[in-house]
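Trainee: Got a minute to look at an interface with me? Here's the model.

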There are 2 protein chains.
Amino acid sequence: MTTFDELSRRLGQVSDLGAAASLLSWEQETFMPPEAARVRGLQLATLAGLSHELFTAPETGALLDGVQPDGDTQAAVVRVARRDYAKATRLPTAFVEDRTRAQNEAHHAWVHAREHSDFASFAPYLERMMDLARRQADLRGFEDHPYDALIDDYEPGMRAAQVQSVFADLRDRTLPLLEKIRAAGDAADYGVLTRPFPADAQKAFAWRVAGEAFGLTGDFARQDESAHPFQSNFSRSDIRITTRVEEYWPACLFGTWHEAGHAMYERGVHERWERTPVSAGASLGVHESQSRMFENLLGRSLPFWQRYFPQLQEAAPQVTAGLDAAALYRAVNRVQPSLIRVEADEVTYNFHVMLRFELELALLEGSLSVRDLPEAWNAKMQAYLGLTPPDDASGVLQDIHWSAGLIGYFPTYTLGNLLSVQLLEAARQDAGVAAGIDRAEYGPLRAWLVEQVHQHGRSLSPAELTVQATGWPLSADPYVAYLTRKYGEIYNLN
Amino acid sequence: MTTFDELSRRLGQVSDLGAAASLLSWEQETFMPPEAARVRGLQLATLAGLSHELFTAPETGALLDGVQPDGDTQAAVVRVARRDYAKATRLPTAFVEDRTRAQNEAHHAWVHAREHSDFASFAPYLERMMDLARRQADLRGFEDHPYDALIDDYEPGMRAAQVQSVFADLRDRTLPLLEKIRAAGDAADYGVLTRPFPADAQKAFAWRVAGEAFGLTGDFARQDESAHPFQSNFSRSDIRITTRVEEYWPACLFGTWHEAGHAMYERGVHERWERTPVSAGASLGVHESQSRMFENLLGRSLPFWQRYFPQLQEAAPQVTAGLDAAALYRAVNRVQPSLIRVEADEVTYNFHVMLRFELELALLEGSLSVRDLPEAWNAKMQAYLGLTPPDDASGVLQDIHWSAGLIGYFPTYTLGNLLSVQLLEAARQDAGVAAGIDRAEYGPLRAWLVEQVHQHGRSLSPAELTVQATGWPLSADPYVAYLTRKYGEIYNLN
């Protein structure tokens, strides 16, 4: 065995332990009987612990030091593994265990606090999470801002300053658009979005279209139900998405296509990275660019509904009665400021993210105290969206992220939105891709995405990938132009 | 941390890895998309390898040597773990890996051979499996017969000589019964057993009765479909059974109740053994005693159908049309020699097992060569059941066991049958239990089983458990008496 073979074997074991943990987690959300939860938690902790132990063992370090990679594939594996190893070994085991316990406690406190809309009871736990985030940033090290050390876990190489600059540009150029839309008024009929649509028919239609339009099939994937939709995968041929059925039936459809975007990214990662740390999406932001592209740029486009409206008619004639493709397109593109991030439309969504980014930056710096957070939240909601939450449950307590210690995570949603349009515009430079998109035939686009984005896995950084695929660094320009064009037309703003 | 705490932590990790592997295997048979199979195999190999490594590590041995167990619970954990450790470390890693590869190859060869009814193509692989079995017996060590070292994996403490003696007794006393039944003729109408019974209704009825009669509920268990029914569990609160729907609908019903017997055994293991090697059934034979009790002794009894016939009428009126409980009871208790073990009735089933036991003993001893196996198989089928298989696919190639290296496994099916009646007779000594059984109310019986069988897990050997629960060692007497009584009545033999 060469040193690389030995390293490969070890990385393969780490990958397998991670896949097993993912499967246990997926199953916990989909099929697991309720009484199984406690021991399942212990099993997941064991898998995480053994995986961490195996990966951070001195033997791994010695292999990474001694290995002489042969060729590009091996070089990428070693590069990514070295980066992960350096990050993982910088956190002492005692810190990781402490953080895991604190996350667990904070999560339970958050569930209780949200249920009773009682921020005060959650505040001490959030303070603890912020302390841990600061300590983690110190342990990891950073040049400019502690936030840089945190966001790097989700968006490798991204910096707080870059997020601030891109977000400021986006904010300054979409606030006027939003004001115009609100001033234009909205006389459309949205009742269609809650017409009765049987649960099985919703799921079947969403899944069939995910296959026909986006290539997600039962050969290597499956769809199940869970309380919160997500994508998970245990190899590129073992992918799961979940959905949820609501009275508001677009949630199931667009949610399915969103998860299909994540799924097809993982599917497209080249098999030469199998069971190595390269075999995953480049970042959460790049991942989100794929899910939002399928969900919004394609799924909420007019050509899409011109193509799939007949299938919707067949699947749910009572929903489409009296409508045509254009009317449906109009209904699923309502812009309306709202309190809840996950229900927000394409125009207002990013304000929810900016607000969270600004607040977590202030919390981390200490310029905002946890005690004053609800007030700061409500002030920003008023400033951006003209709304004030009636209670903290529909305000500062709505998201799980902070309770799980995910500081630096929120910006990736908006980075993904921006990148989705930037990528789609780049792809449209290819005439075949553009013609396909305009007919809602996405084969050429999907091939372009595999070539430019998916296949590389984590072998390119998000910034490298963005420049290589689109020709320039991440920018708000394409997204702003997209929103202005699309909603200018829908709301007759010109 | 005391030494026992350290040992506990390690055994807990081994248990968690095993549970994760079981979940991956269960999911492979129920939900996994087809293309996922290859990598899933690698993941399962990693989990098995890491678990073996962790358990057989010198550190485990040192803990087992140094530990001073405090109290009965700890003592049982240490006793069982020491026994497992001694067995596991007696097989060199090279041997285990070699055997795993050989099993994998033999399995594929068997699938192909069975499909083409081509024993000759499987023979070299079976020879290899027998060689490995002999080597394994030598590595493990034995006093009287190499078979003793093999059956010990499935039925701890059992010996070939004891199996021979019990089986001879059983054979000599059931062959005359079978002859009488065959001579009596059979004019019953079995067409009811293939009347149309919608798949969902079959599963729902089987599952509902498994809950009401046997206590298996969605709080801690679930039922799914798979090609071959099985029970699996990842903790005593995380249990799965699978079923298969056929035109012959009793397969789904009795199969479900069979697996419910396995499931309720695992459910009944005391939680003080959680995440230790004690937390499982005492042996395959004891396990089978529980599954066969629910499936046959209860599920195929007249009181059972007197109680549940109305529910069957409601679930499938087209199946029960023109029938009553007694007619249904009669139909599901047909005795008819047949070629396939898994389809055999209560009277003929054990002959299938005896035949296999005798053949694998002869193969192991070398008194029978693999080349001559099909002929020997067919001769015994003729002698016991008066049938000759038309081809090897429905003869010597029908079972997966030998291809998987499971030599010494088959007898546990019949040992389980015998024990099922011996246990039920012992339980009936309690008047409340007996009255319940006669009304098909199994609460008191289930409490007795938890007390006498389930809760002990692996802390008692099968022989200890049998004597403690029934007052005497395993015997064919109760089973022979049961068959004679039940089928004497059904076939009017007296």
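Trainee: Which side chains meet in a salt bridge here?
Mentor: Those of A:Glu274 and B:Arg38, at 2.6 Å from N to O. The term covers a side-chain nitrogen of Lys or Arg within 4 Å of a carboxyl oxygen of Asp or Glu.

Trainee: And how many salt bridges does the rule find across the interface of chain B and chain A?
Mentor: Eight. It's a predicted model, with local features needing pLDDT of at least 70 and side-chain atom pairs pLDDT 80 or more, while totals for chains, interfaces and linings use all residues. Residues are numbered from 1 along each chain as its sequence is written, chains are lettered from A in the order written, and side-chain values use heavy atoms, without hydrogens or water.

Trainee: What sort of residues make up chain B's side of the interface?
Mentor: The side that touches chain A has 18 nonpolar, six polar and 13 charged residues. Nonpolar is Ala, Val, Leu, Ile, Met, Phe, Trp, Tyr, Cys and Pro; charged is Asp, Glu, Lys and Arg; the others, Gly among them, are polar.

Trainee: How many residues are in contact?
Mentor: 37 of chain B with 37 of chain A, contact being heavy atoms within 4.5 Å.

Trainee: Switching topic, what rotation superposes chain B on chain A?
Mentor: 180 degrees, with 0.0 Å of shift along the axis and an RMSD of 0.0 Å; the fit is least squares on C-alpha atoms of residues with pLDDT of at least 70 in both copies. The two copies are therefore related as by a two-fold rotation axis.

Trainee: Which C-alpha of chain B is nearest the axis?
Mentor: B:Ala20's, 3.3 Å from it. The same surface serves both copies, with 97% of chain B's contact residues recurring in chain A.
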